[in-house]
Amino acid sequence: MTLSEDATALLEQRRQLDGQLFELLAKRMHVSYQLAKQQCQEGHPVYVASQDRAIVTEMVAFAKNAGLNPEFAEDLAKRIQRETYQDSDTYFVRINPDINKIVVVGGAGALGQVFVRLFEHSNYHVSVLEADDWPRADDILHDADLVLVAVPIKLTEQVIARLSNLPPACILADVTSTKHAPLQAMLAAHQGPVVGLHPMFGPDVGSLAKQVIVVCDGRYPEIYEWLIQQMQIWGAKVIHSSPENHDHAMAFIQVMRHFSSFVYGMHLSEENPLLEQLIAFSSPIYRLELAMVGRLFAQSPQLYADIIFGSVEGKALLQRFSQRYQQALTMVERGDKQAFIHQFEEIAEWFGDYAKTCLVQSKKLLLKADDDRG
């Protein structure tokens, strides 16, 4: 159908405005990148929650004055802010100039590379120790000020056991997703400062802004305080925990969720429905749920096997989950809707106001999921 002259003129005007909009946005992003780099080099964290909120609030106010929908303005402002954190070439201030050498054991691995890059971008000298380097490990480790173990879970404790001859003042740390056993192994292998870390992100992260790192203190925290500060400069949100509390939480956050996704994926593959049809028929919420399952199977099976099989508490939790699943299934088999409703209400009471918060937050996610649908 041919457009009228008026419509064609408006279409051309919109196209020109789109070009101007993105030219202006590119200039804004360039200034934001330069400002972030300058702030980092001066010792300011790459991400400060209160400052981030203030910037978004101001951007929304500008948008409101221009007559734009506030919700649209907030989404756009947050998306622009998020993009400014994705520059992996940012250089940071070096918190501790007295650190002469950092060794990352497993530094060629996916997560190890993230920390090698961050330390190097903070002007630290970094060496990498890989499996083939153990014959000359003493030479690599003899003058280390920090040794960070970033190897697969199944290898962590045996690698730590080989680090018994570190310099007395050297900090020994790990980045494993379990904390009690590795921390005990480090305390036994090394008499100097020890700290357990768990980065709650994957190796594909572009920036540590808003990313969580759990810290489990081991020995002499005053000596590795600079390391905590350095991670905060990178933008990370640091949460201190005992190793026991950490591992208990991970049984729910990691083991149960990953196993549930695994079983759901296994069930789908054995039932063998048409995946394209499931996607086509699904509303945004179901596509997101399917995406969370599907993304698991795009990653390393060894990693998730180590997480699930390596947790003693997780195994007991999964057994209780299986029992409750069977109890719920029994309600369905009996046709007992009233029992289901009663249980539903009890669970809703346990979630409290957080359930309503989730309803609001998920709406924004669903709109984004709908945007991505062709």
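Visitor: Which side chain does Lys78 meet in a salt bridge?
Guide: Keep in mind that this is a predicted model. Lys78 sits in helix α3, residues 70-84, and its partner is 4 residues away in that helix, so the two are separated by about one helical turn. The N to O distance is 2.9 Å, and the partner is Glu74.

Visitor: Are Lys78 and Glu74 buried, partly exposed or exposed?
Guide: Buried means under 20% relative accessible area and exposed means over 50%. Lys78 comes out at 37%, and Glu74 comes out at 27%. Both values fall in between those cut-offs, so Lys78 and Glu74 count as partly exposed.

Visitor: Staying in helix α3, how far apart in sequence are Glu83 and Arg79?
Guide: These two side chains also meet in a salt bridge, at 3.2 Å from N to O. Glu83 is partly exposed at 30% relative accessible area, and Arg79 is partly exposed at 38%. They are separated by about one helical turn of α3, which comes to 4 residues.

Visitor: And how far apart in sequence are the parts tied together by Lys101 and Asp143?
Guide: The side chains of Lys101 and Asp143 meet in a salt bridge, 3.0 Å from N to O. Lys101 lies in the loop between α3 and β1 (102-105), while Asp143 lies in the loop between α5 (137-141) and β3 (146-149), so the parts they tie together are separated in sequence by 42 residues.

Visitor: Is Lys101 buried or exposed?
Guide: Its partner Asp143 is partly exposed, at 36% relative accessibility. For Lys101 the value is 9%. The cut-off for buried is under 20%, so Lys101 counts as buried.

Visitor: How many salt bridges does the structure hold?
Guide: We've talked through Lys78 with Glu74, Glu83 with Arg79 and Lys101 with Asp143. Those are among the structure's salt bridges, and the total is 7.

Visitor: Which elements cover the buried residues of α4?
Guide: Helix α4 runs over residues 110-120, and its buried residues are Leu111, Gly112, Val114, Phe115, Val116, Leu118 and Phe119. Strands and a helix take part in the cover, which includes β1, β2 (126-129), β3, β5 (194-199) and α8 (225-233).

Visitor: How is α9 oriented relative to α11?
Guide: The two helices pack with their axes 9 Å apart, at an angle of about 95 degrees. Angles of 65 to 115 degrees count as roughly perpendicular, so α9 relative to α11 is roughly perpendicular.

Visitor: Which residues of α11 make that contact?
Guide: On the α9 side (residues 243-271), the contact uses His258, Ser261, Phe262, Tyr264, Gly265 and Leu268. Across from them, α11 brings in Leu290, Met292, Val293 and Leu296.

Visitor: Phe262 is also in a nonpolar surface patch; how much accessible area does that patch have together?
Guide: The patch is formed by Phe262, Val263, Met266 and Phe297. Phe297 is in the loop between α11 (284-296) and α12 (301-309), and it is partly exposed, at 45% relative accessible area. Together, the four patch residues have about 330 Å².

Visitor: Stepping back to the whole chain, what share of its residues is buried?
Guide: The secondary structure comes to 15 helices and 7 strands, and the C-alpha trace spans about 80 × 65 × 40 Å along its principal axes. The chain exposes about 23200 Å², with carbon and sulfur atoms supplying 57% of that area. Of the 374 residues, the buried share is 36%.

Terms used: Residues numbered from 1 in each chain as written. Predicted model: local features only at pLDDT ≥ 70, side-chain atom pairs only at ≥ 80, totals over all residues. Heavy atoms only, no water. Patch = residues over 30% accessible without salt bridge, like charges linked within 9 Å, V, L, I, M, F, W, Y side chains within 5 Å. Areas by Shrake-Rupley, 256 points an atom, 1.4 Å probe, with all protein chains shown as cover. Buried < 20%, exposed > 50% of the residue type's maximum accessible area, 1.4 Å probe, protein only. Contact = heavy atoms within 4.5 Å. Axes fitted to C-alpha atoms, helices over the stretch in contact; angles between N-to-C directions. Parallel < 35°, antiparallel > 145°, perpendicular 65-115°, else oblique.
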